[in-house]
Amino acid sequence: MSALFFTDRTEVDINDVVFNDAVAVQIEQFLKEYRFREVLEQYELPVNNKMLMYGKTGCGKTMTAKAIAKVLDRKLIVVNLSNIVSSKLGETAKNVAALFKEVSYHDAVLFFDEFDTLGQVRDYDSRDSSEMKRVVNAILQLVDNFPSNSVLIAATNQIKMIDEALIRRFELRLEFTSPAKEVLNTYYERLLAKYPAAFQTIERKYDISFAEAKNEVFTQVKNNIIQAELAKSGIN
C-alpha cells in the first residue's frame with residue numbers, strides 16, 4: 001500500500017449522519033443522480049462527481065464521505081496529506097501527481113481531508129510563490145482529468161485558504177454549519193436511545209458541533225453508569 005493514501009473500511013450509514021436542510025437537499029440530489037446515472041447518460045447529461053465540503057470542524061464532513069462511499073458501494077480511498085506535503089521544493093507537486101498515478105481510484109471515492117493543507121505549502125524561501133503554483137497547477141490538471149466513474153470529495157475547515165480556481169472545479173459545494181438547537185436535540189435523542197432510561201439524564205449543551213455533542217453524551221452517560229455502580233456498592 002502506498003504511503004500517499006490508504007483505504008478506509010469504516011462503514012457509516014447515511015441515516016446516522018445529521019445534515020442541515022441545504023446540505024440534505026444537495027446530498028439527496030447527488031445520490032439520486034447516481035441511482036439514475038445510466039438514464040441520465042443516455043441524454044448526455046453529466047453526473048456530478050466532485051464535491052467540496054467546508055465548514056466548522058466536527059460537523060460531519062468525514063462521516064458524510066464515509067456514508068456516501070457506503071451508499072454507492074465504493075471503496076473509500078483517503079489521501080494521506082501528511083505524506084503528500086513536503087518541505088522539499090517541488091516535492092509536493094510530484095507527490096500529488098504520484099498519488100493520482102498510483103491510486104486505483106476507478107469506481108472508488110477519493111477523499112481529501114483537510115484539503116486546505118495543500119494551500120499552506122509555503123514559507124520555505126523566496127521561491128514560495130512558484131512552489132504554490134506548481135502544487136495548484138498539478139491538482140488542477142489531475143482534477144480536470146478525474147474519471148467520471150469515480151467520486152472526488154474534498155473537505156476543509158478553511159475554504160478561504162483554497163485557490164479559487166480549485167474551488168470552481170467542484171460542481172457541488174456543501175457548507176456544513178453548526179447544528180441548530182432542534183437538530184442537536186434530535187441528535188441527542190438518537191445517541192441516548194441505546195442506553196437504559198436511568199442513564200439518559202444529561203445536561204444538554206448547544207452551540208457546539210456534533211462531535212462535541214457526542215463527547216458530552218459519552219462522558220455524562222459513563223458518569224451516570226459509574227455513579228449507579230458506586231451506589232450499588234454503597235460507595236459515595
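Start by selecting helix α9 and colouring Phe210, Ala213, Val217, Gln220 and Val221: these residues are buried. You are looking at a predicted model, so keep that in mind as you go.

Now show the whole of α9, residues 210–232. The helix has 23 residues and spans 33 Å from its first C-alpha to its last, close to the 33 Å expected at 1.5 Å a residue. Just past α9, click on glycine 234, which has a positive phi, near 75°.

What covers the buried residues of α9? Part of the cover is α8, so select residues 181–192 next. The two helices pack with their axes 10 Å apart, at an angle of about 40°. Because oblique covers angles between the roughly parallel limit of 35 degrees and the roughly perpendicular range that begins at 65, α8 is oblique to α9. Their crossing is right-handed.

Turn on side chains where the helices meet. From α8 come Val183, Leu184, Tyr187, Tyr188, Leu191 and Leu192, and from α9 come Phe210, Ala213, Lys214, Val217 and Val221. Sorted by class, this contact has ten nonpolar residues, one charged and no polar ones.

For the last stop, move to helix α3, residues 61–72, and pick lysine 66. Is this lysine buried or exposed? Its relative accessibility is 17%, so lysine 66 counts as buried, the cut-off being under 20%. To see its surroundings, display Asp8, Thr10, Val12 and Leu76: lysine 66 touches each of them, leaving aside residues up to four places away in sequence.

Definitions and conventions: Residues numbered from 1 in each chain as written. Predicted model: local features only at pLDDT ≥ 70, side-chain atom pairs only at ≥ 80, totals over all residues. Heavy atoms only, no water. Axes fitted to C-alpha atoms, helices over the stretch in contact; angles between N-to-C directions. Helix = DSSP H or I, 4+ residues; strand = E, 2+ residues; numbered from the N terminus. Parallel < 35°, antiparallel > 145°, perpendicular 65-115°, else oblique. Left-handed = near helix turned anticlockwise from the far one by under 90°. Contact = heavy atoms within 4.5 Å. Nonpolar A, V, L, I, M, F, W, Y, C, P; charged D, E, K, R; others polar. Buried < 20%, exposed > 50% of the residue type's maximum accessible area, 1.4 Å probe, protein only. Expected span 1.5 Å × (residues − 1).
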